[in-house]
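Colleague: I would like a close look at a single part of this protein, starting from one residue and then working outwards into the sheets and helices around it. Please take your time over the answer.

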Amino acid sequence: MKAKRYQVLLSLLLSVFGQAAAGAYPEKNVEFIVGYPPGGGYSDWALAIAPFIEKHLPNKVNVVVRHMPGASSVIATNYLHKAKPDGYTIGIYEMAGLAVTQLAREVQYDLRQVTWLAGIAVDNRMALVSAKGPYKGIPDFKKQEKPEYLMATRGLSEINAILGAVTFAKLGVKWKPLNHDGASQALLSVIRGDADVNWSAYESVQQYIDNGDLRVVLYYDHKRHPKFPDVPIPSEVGMPELNGMSSPRLLGAPPRLPADIRTVLEQAVKQAVEDPAFHAVVKKMKKTPSYAGSQEVEKLVQDTFAAYQPYLDIVKRLVGEDKKK
């Protein structure tokens, strides 16, 4: 009888201690790393969702956004990768660009080891031309009516330039870059007619499309964009392997994050993305959230590496040329 009472008491104590241990996290503020300066898309998303992650964490702590710009988010990603896996450092990842950088050169991170928490949005890439220019669709470039088409870029190692280079390689099109310091300058050069084409993420260019300055000629996804039902996806112009070169916005933490802490963070992020108040915030920002669970994100990361691997020679060449400048 005493032995039975002892077992019951022990079970109760273990249960209490287990709940206390699980309820202890978080005990201090959580640092939310952004690899870009304030004012850009990744900063906007981080600042928008941080208060709602904070709201849905079990204890009253702050989720503090910290900008750590440089090297197309590589500096921030290196920092995240080496941070202590205790749940007090998380970040937002520009997965496509970081993946091709990892393929092209030595880095201190490995996206396949990141503790992925969720995807919060998908901001797919587009090929864009001037709405007043001569190009009506991406197949027009196959005519090669110029010795080399001018692609407006922000550097050759930037993901948009790499995607454009891969697309033109598949089409057999000759091109050269017209580099700019920022995205807006690159877009304006296409609008003015200084450059022929630009690759960008939709959220970054929607105002130029809506006001009639830019025309979308290719949209990267597995289905057409509902707002642009006449714009083809890569598979419809003979490049099915490029459909999956999308640009999800992912949240992650350092490798080897303990499972119990990961569960707390995953639940908080999911509740944040599904929070009606968060939807109201991003609607005002003219952005659209899209939740993906950690397992889906892990597969997405593997698929991205697989998608760019066949074009590793192009990636390495562009990254190498960019480093020479």
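Does Thr89 count as buried or exposed, and at what relative accessibility?

Modeller: Please keep in mind throughout that this is a predicted model, and that the values below are computed from its coordinates. Thr89 has a relative accessibility of 9%, and because buried means under 20% relative accessible area, Thr89 counts as buried. If neighbours within four places in sequence are set aside, the residues in contact with Thr89 are Glu31, Ile33, Tyr79, Leu80, Ala83, Ala253 and Pro254.

Thr89 belongs to strand S3, which covers residues 89–94, and this strand takes us to the first sheet. Five strands make up that open sheet, with mixed pairing and the order S2-S1-S3-S10-S4. Its edges are formed by strand S2 (63–67) and strand S4 (115–122), each of which pairs on one side only. From one strand of this sheet to its neighbour, the average turn is 25° when direction is ignored. S3 itself runs antiparallel to strand S10 (residues 248–253), and the two are joined by four bridges; within this pairing, Glu94 has Arg249 of S10 as its bridge partner. A helix also belongs in this part of the picture, for helix H10 (residues 294–308) lies across S4 and S10 and runs at about 85° to S4.

The second sheet can be read in the same manner. It is again an open sheet of five strands with mixed pairing, here in the order S7-S6-S8-S5-S9. Strand S7 (175–179) and S9 stand at its edges with a single partner strand each, so one side of each has no neighbour in the sheet. The twist from one strand to the next averages 35°.

Within that order, strand S8 (residues 197–201) deserves a careful reading. Five of the five residues of S8 are buried, and the strand is mostly covered. As a general matter, side chains in a regular strand alternate between the two faces of the sheet. In S8, Val197, Trp199 and Ala201 point one way while Asn198 and Ser200 point the other way, and all of them are buried.

The partners of S8 differ in sense. With strand S5 (residues 125–130), S8 runs antiparallel, and four bridges join the two; among the residue pairs, Arg125 stands opposite Ala201 and Met126 stands opposite Ser200. With strand S6 (residues 149–153), S8 pairs in the parallel sense over two bridges, and here Met151 stands opposite Val197, while Asn198 of S8 is the bridge partner of Ala152.

S5 has a further partner in strand S9 (residues 214–219), with which it pairs in the antiparallel sense over five bridges, Leu128 standing opposite Val216 of S9. Six of the six residues of S5 are buried, so S5 is largely enclosed by the rest of the structure.

Two helices can be placed against these strands. Helix H5 (residues 159–171) lies across S5, S6, S7, S8 and S9 and runs at about 125° to S8. Helix H7 (residues 202–210) also packs on the sheet, where it touches S5, S8 and S9, and its direction makes about 120° with that of S8.

Away from the sheets, one helix pair is worth describing in full. The axes of helix H2 (residues 41–56) and helix H9 (residues 276–284) come within 10 Å and cross at roughly 160°. Since angles over 145 degrees count as roughly antiparallel, H2 and H9 are roughly antiparallel to each other. The crossing in which H2 passes H9 is right-handed. H2 contributes Trp45, Ala48, Ile49 and Phe52 to the contact, and H9 contributes Ala277, Phe278, Val281 and Val282. By type, the residues of this contact divide into eight nonpolar, no polar and no charged.

Finally, these parts can be set within the whole. The protein has 11 helices and 10 strands, and its C-alpha trace spans about 90 × 40 × 35 Å along the principal axes. Of its 325 residues, 52% are buried, Thr89 among them. Of the contacts with a separation of 6 or more, 77% are between residues 24 or more positions apart.

Definitions and conventions
Residues are numbered from 1 along each chain as its sequence is written. This is a predicted model: local features need pLDDT of at least 70, side-chain atom pairs count only at pLDDT 80 or more; totals for chains, interfaces and linings use all residues. Side-chain values use heavy atoms; hydrogens and water are left out. Buried means under 20% relative accessible area, exposed over 50%, partly exposed in between (1.4 Å probe, protein chains only). Two strands pair if DSSP finds at least two bridges between them. Axes are lines fitted to C-alpha atoms, for helices over the stretch in contact, and angles run from 0 to 180 degrees between N-to-C directions. Angles under 35 degrees count as roughly parallel, over 145 as roughly antiparallel, 65 to 115 as roughly perpendicular and the rest as oblique. A crossing is left-handed if the near helix is turned anticlockwise from the far one by less than a right angle, and right-handed if clockwise. Contact means heavy atoms within 4.5 Å. Ala, Val, Leu, Ile, Met, Phe, Trp, Tyr, Cys and Pro count as nonpolar, Asp, Glu, Lys and Arg as charged, and the others, Gly among them, as polar.
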